[in-house]
2 protein chains.
Amino acid sequence: MAMAKEAGDEKIILITNDDGITSPGIAALVESVKHLGKVVVVAPDRPQSGMGHAITIGQPLRLHPSKLFGDIEAWQCTGTPVDCVKLAVDKVLHRKPDMCLSGINHGPNHSINVIYSGTMSAALEAAIEGIPSIGLSLLDYSVEADFSGAQQYAALLAEQVLHKHFDKHLCLNVNIPAVPAELLQGFKVCKQAYAKYQEEFAERKDPTGKNYYWLTGEFVNFDKGQDTDVWALEHNYVSVVPVQFDLTHYQLKEKLEKSLKH
Amino acid sequence: MAMAKEAGDEKIILITNDDGITSPGIAALVESVKHLGKVVVVAPDRPQSGMGHAITIGQPLRLHPSKLFGDIEAWQCTGTPVDCVKLAVDKVLHRKPDMCLSGINHGPNHSINVIYSGTMSAALEAAIEGIPSIGLSLLDYSVEADFSGAQQYAALLAEQVLHKHFDKHLCLNVNIPAVPAELLQGFKVCKQAYAKYQEEFAERKDPTGKNYYWLTGEFVNFDKGQDTDVWALEHNYVSVVPVQFDLTHYQLKEKLEKSLKH
């Protein structure tokens, strides 16, 4: 009877990412939180970085079972990170999980990156659905990155989100500095820094002489406040930005109500 | 000399969309605002609906000149709507335009659709760059939709944004009811309604017996306020929602600062 009760109480944790199901970051995330409940993985079958909040319209999606995580139920999906969350709820879990975790991304998703990030879009999609979520990113693009510090903080935060019921629409954008675990200074709740990419496209010619362009770009932070995620990360804090999906700019709304001519 | 002065003062208007450069909606938009300045079109070479804020990483982009708009300079791009804006600024215009218009989309982008919409992501990308922008959508998916009402309001609004300098980061999400022009009740500045899609995937079997899934879903509005875009559209107003790219949830930030354990 004890077992039955435990099974009934067990929390369901959905895990996805945007680097694809084979990336070391998602394996690190599964390892770090599997003691907190029943983990189910539904992740893209290939890298989907920069996909933003893309969804797949006009072509069908497929799910294939994966054995990459041993005993843990896992599915690889032909769609985007947002598709993975939608399909997981409707066709894999047949219910809303208690929490959704996305990551651990190889590379930063702080400040304006939240807009472009497939990692964060998966988390935001869960939050829209009323599933508390955390997107996690390590500031290291390397496939051989050291996730040990990120794993400690992922577990600490996931446990609190799972049990504290902050808000059913909670969505946290968490970034972890690429330093040894013992140098991390703890969580810092922040705002998104006002920053953007200064774009430069590298222009090249193909063998037939036609131009093509590679997106490059330098990250520029215009926000010198000490309350931003960029500041926190520079000072070895794990940055935590709560993210919303009501994009209304209320300040400009007031201004426009007064000045827009009909 | 008068001509030279005029040329120097002429406003540059960048136009893009997510339905692709051949869609009737973008042609309608070009027609409606070409008297306001020098229009340049840079749009995807194929439909990109649901692409959200996707950018193209890991493969190059191409631009091909287009004659679809007669004397108006136009380029079709192999990338996403956001790619189009980035490339237009860096490689076509070699400067920031005075305004960016995206659309007119075939189908609604009100309320939560703003998150999934390529139309709105292109507009938001411009706003991040400090280019005032408007994304426009008609509540009619048909390729034969009547854009005449939408065109009138597009021109009215574009002129004001171009000359009133509301804010360099202004981004407006504008939706137009699918009714004859004379029934439109004017602009209404609104907030984004809290609504979402109740997902259902249609499940089918391919000829080899394997499952595949089509995204479907019913739009459900949970927001009964009269200050929302959904309300405005139901009452034949043209809804105008100012959109922000600071996604920080400030209310939850305060709460978390008090309760998050380190």
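These questions and answers cover the spaces in a predicted model, then one residue of a strand.

User: How many cavities of 30 Å³ or more are there?

Analyst: A probe the size of a water molecule, rolled over the atoms, shows where empty space is left. A cavity is a space where the probe fits but cannot get out. By this rule, the count of cavities of 30 Å³ or more is two.

User: Which residues lie closest to the centre of the largest cavity?

Analyst: The largest cavity has a volume of about 210 Å³. Its lining is made of 16 residues. α4 and α5 of chain A each supply at least two of them, and so do α4 and α5 of chain B. Closest to the centre are H53(A), I115(A), L247(A), I115(B) and L247(B).

User: How many charged residues are in the lining of the largest cavity?

Analyst: Sort the lining by class. The nonpolar residues number 12 and the polar ones four. For charged residues, the count is no charged residues.

User: Which helix gives the most to the lining of the second largest cavity?

Analyst: The second largest cavity has a volume of about 30 Å³. Residues that line it include F147(A), S148(A), G149(A) and A150(A). By class, the lining has seven nonpolar, two polar and one charged. With three residues, the helix that gives the most is α6 of chain A, residues 148-164.

User: What gives the most to the lining of the largest pocket?

Analyst: This pocket has a volume of about 1300 Å³. Its lining has 49 residues, and those nearest the centre are S49(A), G50(A), M51(A), I55(B) and I57(B). In chain A, β5, α4, β9 and β10 each supply at least two lining residues. The most, three residues, comes from β10(A).

User: How many polar residues does the lining of the largest pocket have?

Analyst: Again, sort by class. The lining has 19 nonpolar residues and six charged ones. The polar count is 24.

User: Why does A202(A) count as partly exposed?

Analyst: A202(A) lies in strand β9 of chain A, residues 195-205. Partly exposed means a relative accessibility between the cut-offs of 20% and 50%. A202(A) counts as partly exposed because its relative accessibility is 25%.

User: What is the separation of the C-alpha atoms of A202(A) and K188(A)?

Analyst: Start with the contacts. Leaving aside neighbours within four places in sequence, A202(A) is in contact with Y212(A), Y213(A), W214(A) and T216(A). K188(A) is 14 residues from A202(A) along the chain. The C-alpha separation of this pair is 37 Å.

Notes. Residues are numbered from 1 along each chain as its sequence is written. Chains are lettered from A and ligands numbered from 1 in the order in which they are written. This is a predicted model: local features need pLDDT of at least 70, side-chain atom pairs count only at pLDDT 80 or more; totals for chains, interfaces and linings use all residues. Side-chain values use heavy atoms; hydrogens and water are left out. Helices (H or I, at least four residues) and strands (E, at least two) are DSSP runs, numbered from the N terminus. Buried means under 20% relative accessible area, exposed over 50%, partly exposed in between (1.4 Å probe, protein chains only). Contact means heavy atoms within 4.5 Å. On a 1 Å grid over the protein atoms alone, a cavity is a set of points where a 1.4 Å probe fits but cannot get out, and a pocket is an open set with protein on both sides within 12 Å along at least five of seven lines; lining residues have an atom within 4 Å of a point. Grid points are joined across faces, edges and corners, and a volume is the space filled by probe spheres set on the points. Ala, Val, Leu, Ile, Met, Phe, Trp, Tyr, Cys and Pro count as nonpolar, Asp, Glu, Lys and Arg as charged, and the others, Gly among them, as polar.
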